[in-house]
Amino acid sequence: MHTARPQSGYAPVNGLNLYYQIQGRGKPLVLLHGGVAAIEMFGENLPLLAEGRQVIGVDLQAHGRTADIDRPLSYEAMADDIATLMKYLGIERADVMGYSLGGGVALQTAIRHPASVRKLVVVSATCKRDGWYPEVLDAMAQMGPAAGEQMKQSPLYRLYPNVNWAVLFTKLGDLLRKDYDWSKEVAATKTPTMIVFADADAVRPAHVIEFFGLLGGGQKNAGLDGSGRPANQLAILPGLTHYNISSNPALATVVTPFLDAPVPVSK
């Protein structure tokens, strides 16, 4: 089933002209891409998710069609951008789903603006920095303007001609080198949450279990009637990696039932 051509626009948000695309109808889902890329990185998942809901794709600060401003990249500031965008669009509450960098932004949106987030989906992201494999942390530590020069050989260079790649990689490097640990906030969240990983992800499996544990998962047997299962959910997608999970349609397949289910009534 093909959805209509997306509506798109720019929202004046916290000093940014934040680019967004809207496609589909129904409950709103804000979709947040990973570092360096933009909305298009979700590939087939965009139309699949839009079959049953209104998908609002966003190009984060300095990414895609959203120009940079004189402000560091931070998960917290980008989360505030999303909450402000929702107000601009007249959306009181939305589901928020993010991948990698966007997963951190989605998580911070739920932490900082809990009343605005109906359900949260975090894909291939960590709730503390040491959740990434050591070699991934090493690559993050080396990110800087030189990597931006190499983007001239990338298809993204043609797709997003207005991006200042040297500045983007410099600011991303600064962000990704910063330590963070949101364990307490994750443990305290009341937002219904699903975390999704590839079976060969950039995130250590031990951290996946730790993250799910903070959300109440993996504590006990669910029981024959399922009454002991946690409210939040974990999905591990087989045969995928950190670098192809965002565009593989298995992602929409596993996320859709979680988003479609009624929000549990808190006791």
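This is a short tour of a predicted model, moving from its sheet to its helices and then to single residues.

**The sheet**

Select the strands first. They form an open sheet of eight, in the order β1-β2-β4-β3-β5-β6-β7-β8, and the pairing is mixed. Go to the edges next: β1 (7-13) and β8 (233-241) each have a single partner strand, so one side of each lacks a neighbour in the sheet. From one strand to the next, the twist averages 20°.

Zoom in on β1 and β2. Their pairing is antiparallel and runs over seven bridges. For a reference point, pick P12, which stands opposite N17 in β2.

**Helices on the sheet**

Now add helix α2, residues 75-88. Which strands does α2 touch? It packs on the sheet against β1, β2, β3 (28-32), β4 (54-59) and β5 (94-99). The direction of α2 makes about 115° with that of β1.

Then show helix α10, residues 250-260. This helix lies across β3, β5, β6 (117-123), β7 (193-200) and β8. Relative to β6, α10 runs at about 155°.

**Two residues on β1 and β2**

Return to the β1 end of the sheet. Select S8, in strand β1. Its relative accessibility is 46%, so S8 counts as partly exposed. Beyond its neighbours within four places in sequence, S8 is in contact with Y19, Y20 and Q21. Draw a C-alpha to C-alpha distance from S8 to Y20: it should read 5.6 Å, for residues 12 apart in sequence.

Step across to Q21, in strand β2 (residues 16-23). Is Q21 buried or exposed? Q21 is buried, because its relative accessible area is 12%, below the 20% cut-off. Its side chain makes a polar contact of 3.2 Å with the side chain of Y19. Now display what surrounds Q21, leaving aside neighbours within four places in sequence. The contacts are P6, Q7, S8, I39, E40, V55, I56, G57 and R65.

**A positive phi in the β4-α2 loop**

Move to A62, in the loop between β4 and α2. Most residues other than glycine have a negative phi. A62 is not a glycine, yet its phi is positive, about 70°. At 6% relative accessibility, A62 is buried.

**S100 and helix α3**

Select S100, in the loop between β5 and α3. Here is another positive phi in a residue other than glycine, near 55°. S100 is buried too, with a relative accessible area of 14%.

Continue into helix α3, residues 101-112. From first C-alpha to last, its 12 residues reach 16 Å, close to the 16 Å expected at 1.5 Å a residue. How many of the residues of α3 are buried? The count is 10 of 12, so the helix is mostly covered. Colour the buried ones: L101, G102, G103, G104, V105, A106, L107, Q108, T109 and A110.

**The aromatic cluster**

For the last stop, show the aromatic rings. There are four aromatic pairs in the model. One of them joins Y75 and W182, edge-to-face, at 5.2 Å centre to centre with 85° between the planes. Y75 lies in helix α2 and W182 in the loop between α7 (165-176) and α8 (183-188), so the pair ties together parts 107 residues apart in sequence. Both Y75 and W182 are buried. Add Y180 to the selection: Y75, Y180 and W182 form one aromatic cluster.

Notes
Residues are numbered from 1 along each chain as its sequence is written. This is a predicted model: local features need pLDDT of at least 70, side-chain atom pairs count only at pLDDT 80 or more; totals for chains, interfaces and linings use all residues. Side-chain values use heavy atoms; hydrogens and water are left out. Helices (H or I, at least four residues) and strands (E, at least two) are DSSP runs, numbered from the N terminus. Buried means under 20% relative accessible area, exposed over 50%, partly exposed in between (1.4 Å probe, protein chains only). A polar contact is a pair of N or O atoms within 3.5 Å; within protein, one must be able to donate a hydrogen and the other to accept it, and residues adjacent in sequence count only if both atoms are side-chain atoms. Contact means heavy atoms within 4.5 Å. The expected span of a helix is 1.5 Å times one less than its number of residues. Two strands pair if DSSP finds at least two bridges between them. Axes are lines fitted to C-alpha atoms, for helices over the stretch in contact, and angles run from 0 to 180 degrees between N-to-C directions. Rings of Phe, Tyr and Trp (its six-membered ring) pair if their centres lie within 6.5 Å; planes under 30 degrees apart count as stacked, over 60 as edge-to-face and the rest as tilted.
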